[in-house]
Structures are given as C-alpha cells and as structure tokens.
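Reader: I want the reasoning behind the labels. Take me through them one at a time.
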Amino acid sequence: MAIQIPRGTQDILPGTVEKWQYIEAKAKEICEIYNYKEIRTPIFESTELFFRGVGDTTDVVQKEMYTFEDRGGRSLTLRPEGTASVARSYVNNKMFGSPNQPTKLFYIGQMFRYERPQAGRFRQFVQFGIEALGSNDPSIDAEVIALAVDLYQSLGLKNLKVVINSLGDQESRQAHRDALINHFQPRINEFCGDCQSRLEKNPLRILDCKKDREHELMSTAPSILAYLNGDSKAYFDKVIGYLEVMGVNYEIDPNLVRGLDYYFHTAFEIMSTSEGFGAITTLCGGGRYNGLVQEIGGPETPGIGFALSIERLISAMEAENVEFPKEDSIDCFVIALGEKAKDTAVKLLFDLRKAGIVSEKDYQDKKLKAQFKAADRLQAKYTVVFGDDELDKGVVSIKEMETGEQQEVPFENAVAYISEKKSEERS
Ligand code: HAM
C-alpha cells in the first residue's frame, strides 16, 4: 500500500501553490509599507521556551505540542506558534540594544499543533505573523490591527469582523482573576476536569472552555472590562480611538479570551462573517504580551503582534469567491522535428531562457500535433517550429498562438525576435 500523508497535513501542488505565493507576496509587500522586517527562526526550539513563553496551563502546551528528545537527550518541540521564538531571538540577538525601537518583525512559516484535524484546523499550518517589540504606545496596537485588516482587504476580503478586548495590566488582571475564582469556586465541581484544574492556575481560561460553554455561570461571569484600572482603561480607549481614526470597524467583546497565556491589555481576533465559511471563523488572532520577553530571560520589554494562517485565509477568499490572479502562461514553446533539429533545440531553449524568455520544449518524443497541444496546454504565446530542412536553410517558423500569425525568421534572430515581441507586449 502506498504511504499516506500524515493526518492534518497537506501537499500544496502546482496550480494551488500560486495562491500561496500570491498571498505571501502581498503580506511581504504590506510589511514593507508598514516597515516590518522579515525574521526567520528555527522550526524547533527548546521545549522550555514554550512552557515559559506560551504558558504551561494552555491547551497548546499541555496537549498540542510535538515534543521529542534528540540524540543528545535535549527536549525539543516543533514550534506551535511564532511569538515565543521571535521573543527568544530578540533576547539572544540583543535586539533591544538597537536604537531602532520598536523592533518591527514579520515571519511566514510552518507551525505544528497536535489538534483534531477539521476544516480550517491542521496539524501543520503556515502562519504569517508580525511582532513589534519595545513600545508601549497604544498607536502601535492600532497599527498592528490595521495592518491585518489592510492585508485582508487588499486581498479582496469584505466579510470581516474585528473583535477586540482588553485584558488589562497586571493589577487589573489580578482583580479580575480573584473575581473569577469567587464566581466559579462554589460550583466548580459542575465543570470539566480541565476547568477544575484551571480554577487556581488560570481561571481566565475557563471562559474559553469548549465543553462547559453552555453552563449558566459562563454568561454571568464577571467581565474583565469592569475590572480595568484607570491606566488600563485609558490605554484601551486610546487604542480604540486610533482604530476609529483609521476607519477600522471593530466590536468590543469582553469575553474574548485568547488561548495563550502571555496577553495583557489589547487582545483581538478577526473573524470571517461569510455564510458557510465553516465552524471555525477566526482568521487571525493577536494581542499585547508585556511579560513575555522578561519571562524568557530578557529585559522588561513590551510587545504586540498577531498571527494568521494562510490556510484559513485561502478558505475565506474561496468563501467570498475572490479571484486569484490567473495561472501564469509561458512565452515560448520550441517544437523541433528530426534528430538534428532536436539537438539544436537544446541550445536554442537555453539561449531563450538566458534572455529571460519563459520557454519549454517536448521531452517525450511527441509528434508535431501532440507538441502543439502541449504548447496550448501551457498557454504558450509563441511557438518556434523547425525541422532538419529549415535548419539547413537557417530559418525557423515563429507562430503567435493567439492570432495564428506565422513568420519565417532567420535562426540566429529567433531569440531577439521573441524578446522584442515580449517587450512590445509589456509597453
Ligand atoms: P493563535 O490564536 O494560537 O495565536 O493563532 C493565530 C492564528 O493561527 C489563528 O487565528 C489561525 O488563523 C491560525 N491557526 C492556529 N491554529 C491553527 C491550526 N491548527 N490550523 C490552521 N490555522 C491555525 C498565536 O499563534 C499567537 N502567536 C499570535 C500572536 C502573535 N500574538 C501576538 N503575536
């Protein structure tokens, strides 16, 4: 039996990979405009990074990591997300020492989570994310959200909803935490085992429980917004004010609790509101993580960012019937008939390519008609046709496939002829 692809992973084949390349190019373009620079970090990291960074009470760390021991006995983990790695790199490379603060970074890369695969949920997926480290200015929170919206809109998405919340600073979170414990404690035995162990360690995570979603205590749980102290409230108001200035529509959802532990102040998600998009509507998630850099051994540094998966982005584009750019055609297909002509075609093809002309030929000894068919399939704009007789005369026949117009051209002029036609098309 043929070996199967692992569950929750996918092959991205030619024909589809162009969609990915298009989106990745757009993401890079937007990052350039907003002045975020690319960072590439390893796909595996010390397991401890995620325990300390993402948080050991989170589902991601407790249940979803691909952790293994290497031959030297070190515990390593395939990265489940990018923020902890970026923070680690920020510390290791002393980026905090650079005069250019905040440090604005972006990444595109594979992430790994052992989750139950379903539509929009994979075990290997690609996140595009940005992180801005070193600033406590609420305008950067708004910038990060605006960048995500800008990317989605520039790709043609319309059915978007930005949901935002504030988790407050340390003091506000502590007050809210105490209120949550008081709220849930008397009836905690009605909740699942996970929630019971979350009560003391991280009661905020109870609000995110899928199993106990319908429990009556969920809808009456104290809202974080009621516990924001003056500073936290002022910060949140500023972020929202900047979003309004930029014309970014948003909804405040006091129940928005992100699945990772490192958030303070701003937390947000962007959802698709397309009908029939599927059960998982979150396209993007992010927020401010003011304790993370310190948690992993660096100086106290505020940070904010988001990540989105390209898989969900493509699904959202498909749900809105957004057009992707057409598949690329080629410039030229070389059709050679006869032994001598075939040998000569090798060099001609090479010369065409050296001149920047996207070219192809037959490698399967096909007949003339089948070669024309192959040229059609590749949507070749021109074919260069010659047999041994033409070679003896030193000419080739160049056909413009769309019009059917045919021209006899001296062999040595063939490359220049097509080059010229190509630059005429462009102008
Ligand atoms: P996250 O909410 O865990 O946040 O993931 C962010 C996004 O990654 C999700 O909104 C979704 O688009 C995508 N995603 C997550 N899991 C899967 C999956 N199994 N299959 C497909 N897509 C998935 C983070 O990862 C944070 N690091 C975001 C962040 C950056 N916060 C601050 N900076």
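Author: This is a predicted model. Buried residues make up 49% of the 427 residues in the protein chain.

Reader: What makes a residue such as Ser 85 buried or exposed?

Author: The cut-off for buried is under 20% relative accessible area. Ser 85 has 0%, so Ser 85 is buried. Ser 85 is found in helix α4. Leaving aside neighbours within four places in sequence, Ser 85 is in contact with Thr 41, Glu 45, Leu 49, Phe 50 and Arg 79.

Reader: And Phe 268: buried or exposed, and how do you know?

Author: Phe 268 has a relative accessible area of 0%. That is under 20%, so Phe 268 is buried. Phe 268 is in strand β9, residues 264-272.

Reader: What does Phe 268 touch, not counting residues up to four places away in sequence?

Author: The list includes Val 144, Ile 145, Val 163, Ile 164, Leu 256 and Arg 258. Cys 284, Gly 285, Gly 286, Gly 287, Gly 305 and Phe 306 are also among them. A contact means heavy atoms within 4.5 Å. Phe 268 and Asn 165 are 103 residues apart in sequence, yet 6.2 Å apart in space, C-alpha to C-alpha.

Reader: How many of the contacts in the protein chain join residues at least 24 apart?

Author: The share is 69%, among contacts between residues at least 6 apart in sequence.

Reader: Why is the protein chain called more spread out than a compact globule?

Author: The protein chain has 15 helices and 16 strands. Its radius of gyration is 28 Å, and the globule rule gives 22 Å for 427 residues. The value is well over the rule, so the chain is more spread out than a compact globule. Along the principal axes, the C-alpha atoms fill a box of roughly 95 × 55 × 45 Å.

Reader: What about the surface and the charges?

Author: The protein chain exposes about 21,800 Å², and carbon and sulfur atoms supply 48% of it. The chain has 52 positive and 66 negative charges, and their mean positions are 3 Å apart.

Reader: Which residues does the record assign to a domain?

Author: The unreviewed UniProt entry places "domain: Aminoacyl-transfer RNA synthetases class-II family profile" at residues 1-325. Over residues 1-325 the chain is 35% helix and 20% strand. The end C-alpha atoms of that stretch are 38 Å apart.

Reader: Why is Pro 99 called exposed?

Author: Exposed requires over 50%. Pro 99 has a relative accessible area of 80%, so Pro 99 is exposed. Pro 99 lies in the loop between α4 (83-92) and β5 (103-112). Pro 102 lies in the loop between α4 and β5 too.

Reader: What makes the peptide bond from Gln 101 to Pro 102 cis?

Author: Its omega is near 0°. Most peptide bonds are trans.

Reader: Why single out Asn 35?

Author: Most residues other than glycine have a negative phi. Asn 35 is not a glycine, and its phi is near 65°, a positive value. Asn 35 sits in the loop between α1 (17-33) and β1 (37-38). Its relative accessibility is 42%, between the 20% and 50% cut-offs, so Asn 35 counts as partly exposed.

Reader: And what is the phi of Asn 321?

Author: Asn 321 has a positive phi of about 50°, although Asn 321 is not a glycine. Its place is in the loop between α11 (310-319) and β12 (332-337). At 67% relative accessibility, Asn 321 is over the 50% cut-off, so Asn 321 counts as exposed.

Note on methods. Residues are numbered from 1 along each chain as its sequence is written. This is a predicted model: local features need pLDDT of at least 70, side-chain atom pairs count only at pLDDT 80 or more; totals for chains, interfaces and linings use all residues. Side-chain values use heavy atoms; hydrogens and water are left out. Helices (H or I, at least four residues) and strands (E, at least two) are DSSP runs, numbered from the N terminus. The radius of gyration is taken over C-alpha atoms; the globule rule is 2.2 Å times the number of residues to the power 0.38. Buried means under 20% relative accessible area, exposed over 50%, partly exposed in between (1.4 Å probe, protein chains only). Accessible areas come from the Shrake-Rupley method with a 1.4 Å probe; for residues, only the protein chains shown count as cover. Lys and Arg count as positive and Asp and Glu as negative; His and the chain ends are not counted. The place of a charge is taken as NZ of Lys, CZ of Arg, CG of Asp or CD of Glu. UniProt positions are given in the numbering used here, feature names are shortened, and annotations may be inferred rather than shown by experiment.
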